[in-house]
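Here are my notes on the structure you asked me to look over. Keep the viewer open beside them and find each residue as we go.

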Amino acid sequence: MQKQSLALLLVVLVALNLRPAMAGLGPLLDLIEQSTGLNSAGAGMLTTLPVFLMGIGAFTGPYLRVWLGDKRGVAVGIILIAVACAARWVWNDAFGMFVTAACAGLGIAIVQAMVPAVVKRWFGAGTGRAMGLYTTGIMGGAALAAATAAGFARAGGWPFSLAIWSVPAIAALVCWLTHPDAEQARKQEHTPKSFHRQRRAWLLLIFFGIGTGAYTLVLAWLPPFYMSLGQSRDMSGYLLAGMTITQVVSGLGVSTLIGRFPDRRAPLVAVLLCVLAGLACLILAPIGLAFPAIILLGLGIGALFPLSLIVTLDHADNPITAGDLAAFVQGGGYIIASAMPFIAGLIRDRFDDLSQAWMLMAAGIVALIAMAARLSPSSRR
């Protein structure tokens, strides 16, 4: 029991480092635009680029697992994240921001492509709970980055606020390399399985992509949206942090309760309706309904992310095949999700408003509700 608890802590510690490189940008976006000369579309690319590369990198995950093994591969990913964050302290012009965004995206992609197979092997029947905690750790890191961005910027400037996240990445690297459980994640000799001819794999990919698009959209543009409505930088960061804290609570709820729902369709539809209601609040009364919007979006998005991965892993019993499928789904899914921050930036440049972006995302959520109806347990074969 103690060994599994330590393994869970290790997974959560690694997960905490998978979003600060992006979540810390939103509350500082106007400062970054002023310093680098980027417009809204260019600023949106700072989130789009790493998410896109997370998708490209995820496709290579099965091949990296063969080449490096899980232990070394996860370590390489964490190193890339640490280097990307640290470099922003001194290399923070427009070109440097794009390069470090790409470096962080590749590092995150490598870790995310390898961790599901590690979790499946370490925890077996407890994979659903472990994946819930893993995704909760991801969202917890985003909450911390959003909540502290303005304070760190006041203390040392916006580059320092972004660079400080190299410290927990280094800590995670040390723990990963020295933890005895990591020794079990050895190189696996196998030929990565191809899923591009399986319609169900494409359904899971599109489902994950649109759902994650809701997350990348609010991650990039929720703080600037509220700053444009007259809210302070601190308050806008707190709203994003509040949403991600709600995501953490929601993720923990998934981890605790998912075992009661072998048929995942009911919880999927419930959380999608939460996201849809939250988007409606942003469209109809963003100031008056700010609190309900944050709660609903947090509950919905926070549960949708782990549920999407859990449903994906439901389709494979073998840990290696599960890792390959998760890499395929995340690879294409993140490429789809990466478009939303850039599209929202284009909308903001043209209309000076983000309402149309929230409407576009709401249409995507309606499509996901229809797709969720097809994910019955009997269809997993």
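How many salt bridges does the count come to? Before we get there, please remember that this is a predicted model. The count comes to six salt bridges, and three of them are described below.

1. **The pair D70 and R121.** Start with the salt bridge between D70 and R121, where the closest N and O atoms are 2.6 Å apart. D70 belongs to helix α6 (residues 70–87) and R121 to helix α7 (residues 94–123), so this pair ties together parts that lie 51 residues apart in sequence. Look at the surroundings of each partner too: D70 is buried, with a relative accessible area of 0%, whereas R121 is partly exposed, at 25%. As background, side chains of opposite charge can pair when their charged atoms come close.

2. **The pair R154 and D234.** Next, find R154 and D234, another salt bridge, with 2.8 Å between the closest N and O atoms. R154 sits in helix α8 (residues 127–156) and D234 in helix α12 (residues 233–257), so the pair ties together parts that are 80 residues apart in sequence. R154 counts as exposed, at 59% relative accessibility, while D234 is partly exposed, with a relative accessible area of 22%.

3. **The pair R264 and D314.** The side chains of R264 and D314 also meet in a salt bridge, at 2.7 Å from N to O. This pair links distant parts of the chain, 50 residues apart: R264 is in the loop between α12 and α13 (265–284), and D314 is in helix α14 (residues 290–314). R264 counts as buried, with a relative accessibility of 12%.

4. **A serine to look at: S338.** Which helix is the place of S338? The answer is helix α15 (residues 319–351). S338 is buried, with a relative accessible area of 3%. A polar atom of the S338 side chain lies 2.7 Å from the backbone oxygen of I335. If you set aside the neighbours within four places in sequence, S338 is in contact with T48, V51 and F52.

5. **A threonine to look at: T244.** Go back to helix α12, where T244 is found. T244 is buried, and its relative accessible area is 0%. Leaving out neighbours within four places in sequence, T244 is in contact with M139, A142 and A143. Helix α12 is also where we met D234, the salt-bridge partner of R154.

6. **The cysteines.** How many disulfides does a search of the whole structure find? The search finds zero. A disulfide is a covalent bond between the sulfur atoms of two cysteines. For C175, the closest cysteine sulfur is in C85, 17 Å away, which is too far for a bond. C274 is in no disulfide either: the nearest cysteine sulfur, that of C281, is 11 Å away. Both C175, at 33% relative accessible area, and C274, at 22%, are partly exposed.

7. **The nonpolar cores.** Which residues touch the most other members of the largest nonpolar core? This core has 113 residues, and the ones to pick out are I78, W176, F207, L279 and L282. Helix α11 (residues 199–228) gives the most to this core, contributing 17 residues. There is also a second, separate core of 11 residues, which includes L38, L46, M97 and L162. In soluble globular proteins, nonpolar side chains tend to be buried together.

8. **The whole chain.** Now zoom out. The chain has 16 helices and zero strands. Along the principal axes, its C-alpha atoms fill a box of roughly 50 × 45 × 40 Å. A compact globule of 381 residues would have a radius of gyration near 21 Å, and the chain has 19 Å, which agrees. Of the 381 residues, 61% count as buried.

9. **Contacts along the sequence.** One last value is worth a look. Among contacts in the chain with a separation of 6 or more, 85% come from residues 24 or more positions apart. To see examples of distant parts brought together, go back to D70 with R121, 51 residues apart in sequence, and R154 with D234, 80 residues apart.

Definitions and conventions. Residues are numbered from 1 along each chain as its sequence is written. This is a predicted model: local features need pLDDT of at least 70, side-chain atom pairs count only at pLDDT 80 or more; totals for chains, interfaces and linings use all residues. Side-chain values use heavy atoms; hydrogens and water are left out. A salt bridge is a side-chain nitrogen of Lys or Arg within 4 Å of a carboxyl oxygen of Asp or Glu. Helices (H or I, at least four residues) and strands (E, at least two) are DSSP runs, numbered from the N terminus. Buried means under 20% relative accessible area, exposed over 50%, partly exposed in between (1.4 Å probe, protein chains only). A polar contact is a pair of N or O atoms within 3.5 Å; within protein, one must be able to donate a hydrogen and the other to accept it, and residues adjacent in sequence count only if both atoms are side-chain atoms. Contact means heavy atoms within 4.5 Å. A disulfide is a pair of cysteine sulfur atoms within 2.5 Å. A nonpolar core is a set of buried Ala, Val, Leu, Ile, Met, Phe, Trp, Tyr and Cys residues joined through side-chain atoms within 4.5 Å. The radius of gyration is taken over C-alpha atoms; the globule rule is 2.2 Å times the number of residues to the power 0.38.
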